Amino acid sequence: MQLRLYVLIVLVIVIPVAAMVFGPRLRGRLSPDELYSGGTSYPASELLFQYQPTQSDFKGLPQITNVQITDFDQDGKNDLLVCDSLGSQVLLLKRSADGNWDESTLIADVAAPAHATVVDIDEDGDNDLIVSVLGNIMPDDGVIGRVELFENQEGAFQRHVILDEVRRIADVQCGDFDGDEDLDLAVAVFGYSRGNVLWLENVGGFQFRDHELLSGPGTIHVPVGDYDQDGDLDIAAIVTQDEEELWGLENLGDGKFRRRRLWMTINPDLGGAGLVRNDLDQDGDLDLILPAGDNLEDFDAYPQPYHGCYWFENQGNWEFEPHRIADLGGTYAAAVDDMNGDGNLDVVLVSLTNNWLEPNNASIVWLENDGQENFTTWQIDDAPLHLVTVDTGDLDEDGFPDIAAGSLNVRRPHRHLGRISTWLNQGEANR
């Protein structure tokens, strides 16, 4: 009887307490000081940015899920490609000569689009769209997800449903995985308590055959690249719902893959929020950047000491060394660019759940790289709040990378609202 009582105490009290204490410790050479420090506000950026919303009036609480800077219509000027969950649509925003933004609907009637992938899937010279359809912005384990391909036919779009009867889809990326010289797809099935990673084999005629690579709920992003530099395309994946794990799916050729778990943490609340592929240290191989700060499962989402941004440095042979490069509370998305023109790659971060009770806390920051991958955090702005997506690119044709971001308002406070926002890089220091 006493033994059963001791076992019960261990299960109910000791293990949960130990997980809370030691859970945030990540595998790798990270010191306790790095792990248990959190940030909410930072020194004002010495690089000047001009805030410019794309519109000043909008109805409802914005639910923008993705913003990309891309020349979608191939006219030589960058546009904003936007997924709007509230409006169930994919939008195109073009900057006019007077600096204002003209918004049009590219795709209507898509249930909670998470991401729109730009690709010429049929190789006819124009940009098609592949939309990752969540089906519901809120947690849901129903079979409501879809992958929808929109074939560009001289500016009109024909819908092809290429994957159906699956759980919520968070991301789709393209690559020729089987070496047959057509484009296949990597798919992140987020679901809720059930999900997986698939690759869809292109069999022609807008038809695809699905293959499961990994089973795990909460798969957010599946960036494609040659991570092991062997000449073919691999897939990386961040799985966050049941466990917090970083996976590499090594392409073995002929449509076969090997699963490699690159990293994990026993902290179930780390809040991995995405995954960005980039050669951050410019050493010739692809690294991974992980924004961490998604804690919307908590009743009161609040910054945690382990939130921030983690750079996984590619060491070769499928070894990735983690470095914590920022401690921004509630970090939700990251973008990489040379923001100040010094030749080094910097990182832009946005926050969904910083401590918004304090009016000066950061909603968007940039991390200045000194060339040795030491990063200084500079605050760009403290509004709008609830930013979940960010991208960089030249919007005003002055040669400097600007910033675009989108807001997802599902939690209080409902103030300092934004929908689709831009910050124009002035290319000069504030001295």
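**Aromatic pairs, a four-stranded sheet and a few single residues**

Phenylalanine 177 has a relative accessibility of just 2%, so this residue counts as buried (under 20% relative accessible area is buried, over 50% exposed, and anything in between partly exposed, with a 1.4 Å probe and protein chains only). The model is a predicted one, so local features need pLDDT of at least 70 and side-chain atom pairs count only at pLDDT 80 or more, while totals for chains, interfaces and linings use all residues. Residues are numbered from 1 along each chain as its sequence is written, and side-chain values use heavy atoms, with hydrogens and water left out.

Rings of Phe, Tyr and Trp (for Trp, the six-membered ring) pair if their centres lie within 6.5 Å; planes under 30 degrees apart are stacked, over 60 edge-to-face, and the rest tilted. By this rule, there are eight aromatic pairs. One of them joins phenylalanine 177 to phenylalanine 257: the ring centres sit 6.0 Å apart with the planes at 70°, so this pair is edge-to-face. Phenylalanine 177 belongs to the loop between strand 10 (169–175) and strand 11 (184–189), while phenylalanine 257 is part of strand 17 (residues 256–265), so the pair ties together parts that are 80 residues apart in sequence. (Strands are DSSP runs of E with at least two residues, numbered from the N terminus.) Phenylalanine 257 is buried too, at a relative accessible area of 15%. Ring pairs also bring in Trp199, giving a cluster of Phe177, Trp199 and Phe257. Elsewhere, tryptophan 318 and phenylalanine 320 have ring centres 6.5 Å apart and planes at 50°, so they make a tilted pair. Both tryptophan 318 and phenylalanine 320 are buried.

Strand 10 and strand 11 turn up again in an open sheet of four strands, ordered 10-11-12-13 with antiparallel pairing (two strands pair if DSSP finds at least two bridges between them). At the edges are strand 10 and strand 13 (207–215), each of which pairs on one side only. Ignoring direction, neighbouring strands of this sheet are turned by 25° against each other on average; the axes are lines fitted to C-alpha atoms, and angles run from 0 to 180 degrees between N-to-C directions. Eight bridges hold the antiparallel pairing of strand 12 (residues 196–204) with strand 13, where serine 215 is the bridge partner of asparagine 196. Glycine 204 also has its place in strand 12 and is partly exposed, with a relative accessible area of 33%. Its C-alpha atom is 9.7 Å from that of leucine 183, 21 residues away along the chain.

Next comes aspartate 294, found in the loop between strand 19 (287–292) and strand 20 (308–316). Aspartate 294 is buried at 18% relative accessible area. Beyond neighbours within four places in sequence, aspartate 294 is in contact (heavy atoms within 4.5 Å) with Gly271, Gly272, Ala273, Thr331 and Tyr332. Tyrosine 332 is 38 residues away along the chain, yet the two C-alpha atoms are separated by 6.2 Å.

Threonine 392, in strand 26 (residues 387–393), is buried as well, with a relative accessible area of 11%. Leaving out residues up to four places away in sequence, threonine 392 touches eight-way company that includes Ile69, Met339, Val348 and Asp337.

As for cysteines, cysteine 83 is buried at 1% relative accessibility and cysteine 309 at 0%. The structure holds zero disulfides (pairs of cysteine sulfur atoms within 2.5 Å).
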